[in-house]
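Hi there,

Here is the structure I promised to pass on to you. Have a look at it first, and then read on for what I found in it.

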Amino acid sequence: MLTVDLHRPPPAPEAPCRPGADGTGTLLARHTRSTAPAPAAIVPKELVHRHNPAEVLLTGWERRDEDSFGLTARWPANHRFFADVNGCHDPMLAAETIRQAGSLLLHAEYEVPFGHHFVMRDLSLSTRQGALAVRALPGVLELDVTCHDVKRRGKAVLGLYYEAVLRRDGQVVGHGGASVSCVTPATYRRLRAPQLDGAGPQPPLTAPVAPHDVGRHSPADVVLSPTEERGRWLLRTDTSHPVLFEHPVDHVPGMMLLEAARQAAIATLGRTAPPSELTGEFSRYAELHRPCLIEARRLPAPGDQESVLVTGEQDGEEVFRSVITLPHAED
């Protein structure tokens, strides 16, 4: 399977962060698992491939054994994009937390150099309904992360799969996992050159669908444009978006593709609800300068849930697929 790079790494910090002798990151303010971190306590933004510190969700980490780690995170009560859904934290915050966890551990614990690209093949998430209620204070999370199938060439880590269990106040609120490959800068340039050389400018930004149809309040946060066919949209790629394009990239970020899947699922089911489960499989890079067709269809889902399969196609080839599951609407 080909892979998709979710985020281009930013420049390395002046002092590279390495784990200390006790396995704890040395550029991080020390924390205890029973005490909420101070408002300013976050991990260095370079470790999670963010440019804006406000978008860093992780606040600390510790090594437990060879491939097992404890992490802490903080979710804002009001995020500018991943806003609450029906009084609950947006599960996409959990998905982004899992993404950041993999980036942090690869750099800080598996010593992958800054400048390498982390290429995610898949991501999955399941959350407990009712456990993500927004409170007056930011949500403080604890993550138990276990890494599997660590691939190496000599001492260099080539990739791994990791699982994460998320807890708040000791209660499990969700779990998920992801597969990530590590690509050197030279290899990345070689892989991307055929698509980027002579690609030309990005097409003009297309019009959004009505925000309320996809669970959004602002047109600026809509990532779908209408087509003449029911159940099909064009991906609306606004590279000036302050969260989805938090820093420059040469392709559509994976988190944007998951957001497109979520919006397509809401439009298909005709209601807004926080997803109870989501999966994403990324098979190709989604290019910025080519139209990407998003298609959604309902899946059989017995019980108290409804699922939608969402696919993205570019130049006749699938670039990603996602299954979004929402709980049935209450009577």
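**Around S126**

Let's begin with one residue: leaving aside residues up to four places away in sequence, S126 touches V173, G174, H175, S276 and E277. Before we go further, please keep in mind that this is a predicted model.

Where does S126 sit? Its place is in strand β4, which covers residues 117-127. Is S126 buried or exposed? Its relative accessibility is 19%, and because buried means under 20%, S126 counts as buried. Another pair to find on your screen is S126 and G176: they are 50 residues apart along the chain, yet their C-alpha atoms are separated by 6.1 Å.

**The strands**

Now widen the view to the strand itself. In β4, 8 of the 11 residues are buried, so the strand is mostly covered. β4 pairs with strand β7 (residues 171-183) through 10 bridges, and the two run antiparallel. One pair to look for there is H117, whose bridge partner in β7 is V183.

β4 is also joined to β10 by 5 bridges, again antiparallel. Here we meet S126 once more, as it stands opposite E277 in β10.

From β10 you can keep walking. Strand β10 (residues 277-282) is joined to strand β13 (residues 317-327) by 6 bridges, and these strands run antiparallel. Within β13, R321 is the residue that E281 stands opposite.

Which strand is joined to β13 by 10 bridges? That is strand β12 (residues 305-314), which runs antiparallel to β13. Q314 has E317 of β13 as its bridge partner. β12 and β13 form a hairpin with 2 residues between them, and D315 in the turn has a positive phi of about 55°.

**Helix α1 and the core**

Next, please find helix α1, residues 91-108. With 18 residues at 1.5 Å a residue, α1 should span 26 Å, and its end C-alpha atoms are 26 Å apart, which agrees. At the start of α1, a side-chain oxygen of D90 comes to within 2.9 Å of the backbone nitrogen of M92.

How many residues of α1 are buried? The count is 18 of 18, and α1 is described as mostly covered. In soluble globular proteins, nonpolar side chains tend to be buried together. With that in mind, look at the largest nonpolar core, which has 81 residues. Those with the most contacts inside this core are L71, L104, L106, Y162, L224 and I294. The largest share of the core comes from α1, with 10 residues.

L104 is a good one to click on. Not counting residues up to four places away in sequence, L104 touches V43, L47, V48, L58, W61 and E109.

**Two loop residues with positive phi**

Most residues other than glycine have a negative phi. Two loop residues are worth a look against that background.

H49 is not a glycine, but it has a positive phi of about 55°. You will find H49 in the loop between β1 (4-7) and β2 (58-65). Its relative accessibility is 1%, which means that H49 counts as buried.

N86 also has a positive phi, near 55°, in a residue other than glycine. N86 lies in the loop between β3 (68-75) and α1. Is N86 buried or exposed? At 58% relative accessibility, N86 counts as exposed, because the cut-off for exposed is over 50%.

**The whole chain**

Finally, step back and look at the full chain.

- The chain has 3 helices and 13 strands.
- Of its 331 residues, 53% count as buried.
- Among contacts between residues at least 6 apart in sequence, 67% join residues at least 24 apart.
- The accessible surface of the chain comes to about 14700 Å², and 52% of that belongs to carbon and sulfur atoms.

If you would like a place to start, try the walk from β4 to β10, joined by 5 bridges, and then from β10 to β13, joined by 6 bridges.

Enjoy exploring, and write back with any questions!

Best wishes

Technical notes:
Residues numbered from 1 in each chain as written. Predicted model: local features only at pLDDT ≥ 70, side-chain atom pairs only at ≥ 80, totals over all residues. Heavy atoms only, no water. Helix = DSSP H or I, 4+ residues; strand = E, 2+ residues; numbered from the N terminus. Expected span 1.5 Å × (residues − 1). Buried < 20%, exposed > 50% of the residue type's maximum accessible area, 1.4 Å probe, protein only. Polar contact = N/O pair within 3.5 Å; in protein donor to acceptor, adjacent residues only side chain to side chain. Core = buried A, V, L, I, M, F, W, Y, C linked by side-chain atoms within 4.5 Å. Contact = heavy atoms within 4.5 Å. Areas by Shrake-Rupley, 256 points an atom, 1.4 Å probe, with all protein chains shown as cover. Pairing = 2+ DSSP bridges.
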